[in-house]
Amino acid sequence: MTAEARERVSLACRILAMEGAVDGILGHVSVRAGRDRMLIRARGRDEHGLLFTTAADIREVDFSGAGDDPDAGYSMPNELPIHGETLRRRPDAGAVVHAHPPAVVACSIAGLDLRPVVGAYNIPAMRMAAAGIPVYPRSVLIRTPELAAEMLACMGDRRACVLRGHGLTVWGETLEQAVARTLDLSALAATTLAVASAGRRAPDIPPQDIAELPDLGASFSDLSAWRYYAAKAARQGL
């Protein structure tokens, strides 16, 4: 894959860290790089965490994690099967994000489902929540194909799955879409948690209000968001 593709994946990692969806050295992003190949963030000898990911940290391997230069000094993520199995089993998936947004983790522990409690404030998050966001009940490292298959069975035909006490897995047709969806769900979880902290249970948005909300399309919901976050990262020297 091109240097540009590696830089886009590394930028996705930096954006997710900048926005608080990942922290420290935990979390990873992948994109499809061929029939059975992917680009994925790996761990290097000089690990500096997601916020400081470089294009050199993005390695090309097959869906099982094999194929990188053994002398390059990189190791694959423990939860590589999240990426390999999602891309293998979802032919329309072009990118996968595994992240640990604190509000998502807190909601999953507290048993707070991510429901359509916001409307025009965040239409993409509302639509994902209205369709239902499954919760994988096991708080384990998903480091085998069998556990990844179990998670994907829980996810079903949805594009995201909360992992109880762990984080979430999100896939998109594009890298921009996967990143935008991750950040939308992080924002929805933060709102859900804030309402619960105030001692209230937010009602779902009424169906008639949902029907009034337009589909803004990927060029706005995903690409415009990506350009904003990319510009913000550049402004902050990331």
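## A tour of pockets, cavity and cysteines

Start at α4: this helix gives 5 residues, the largest share, to the lining of the largest pocket. Keep in mind that the model is predicted.

**Stop 1: the largest pocket.** Select Pro 124, Arg 127, Met 128, Gln 177 and Arg 181. Of the 22 residues in the lining, these lie nearest the centre of the pocket. Now colour α4 (123-131), α6 (175-197) and α8 (218-235), the elements that give two or more residues to this lining. The space here comes to about 440 Å³. Colour the lining by residue class: 10 are nonpolar, 4 polar and 8 charged.

**Stop 2: the second largest pocket.** The volume here is about 290 Å³. Select Asn 122, Pro 124, Asp 184, Ser 221 and Ala 225, the closest to the centre among 17 lining residues. Again α4, α6 and α8 each supply at least two lining residues. Which helix gives the most to this lining? It is α8, with 6 residues. By class, the lining of the second largest pocket holds 11 nonpolar, 4 polar and 2 charged residues.

**Stop 3: the cavity.** Leave the pockets. A search of the whole structure finds 1 cavity of 30 Å³ or more. The volume of the largest cavity is about 30 Å³. To frame it, select Ile 25, Gly 27, His 28, Arg 41, Arg 43 and Pro 77, which form its lining. That lining splits into 2 nonpolar, 2 polar and 2 charged residues.

**Stop 4: Thr 144.** Go to the loop between β5 (135-136) and α5 (145-155), where Thr 144 is found. Then add Leu 80. The two residues are 64 apart along the chain, and 8.3 Å separates their C-alpha atoms. Is Thr 144 buried or partly exposed? Thr 144 counts as partly exposed because its relative accessibility is 28%.

**Stop 5: the cysteines.** How many disulfides does the structure hold? The number is 0. Select Cys 154 and Cys 161. The sulfur of Cys 161 is the closest cysteine sulfur to that of Cys 154, but the distance is 4.2 Å, so it is too far for a bond. The cut-off for a disulfide is 2.5 Å between the sulfur atoms. Cys 154 has 28% relative accessibility and so counts as partly exposed.

Finish at Cys 107. Its closest cysteine sulfur is also in Cys 161, 15 Å away, and therefore too far for a bond. Cys 107 is buried, because its relative accessible area is 2%.

Note on methods. Residues are numbered from 1 along each chain as its sequence is written. This is a predicted model: local features need pLDDT of at least 70, side-chain atom pairs count only at pLDDT 80 or more; totals for chains, interfaces and linings use all residues. Side-chain values use heavy atoms; hydrogens and water are left out. On a 1 Å grid over the protein atoms alone, a cavity is a set of points where a 1.4 Å probe fits but cannot get out, and a pocket is an open set with protein on both sides within 12 Å along at least five of seven lines; lining residues have an atom within 4 Å of a point. Grid points are joined across faces, edges and corners, and a volume is the space filled by probe spheres set on the points. Ala, Val, Leu, Ile, Met, Phe, Trp, Tyr, Cys and Pro count as nonpolar, Asp, Glu, Lys and Arg as charged, and the others, Gly among them, as polar. Helices (H or I, at least four residues) and strands (E, at least two) are DSSP runs, numbered from the N terminus. Buried means under 20% relative accessible area, exposed over 50%, partly exposed in between (1.4 Å probe, protein chains only).
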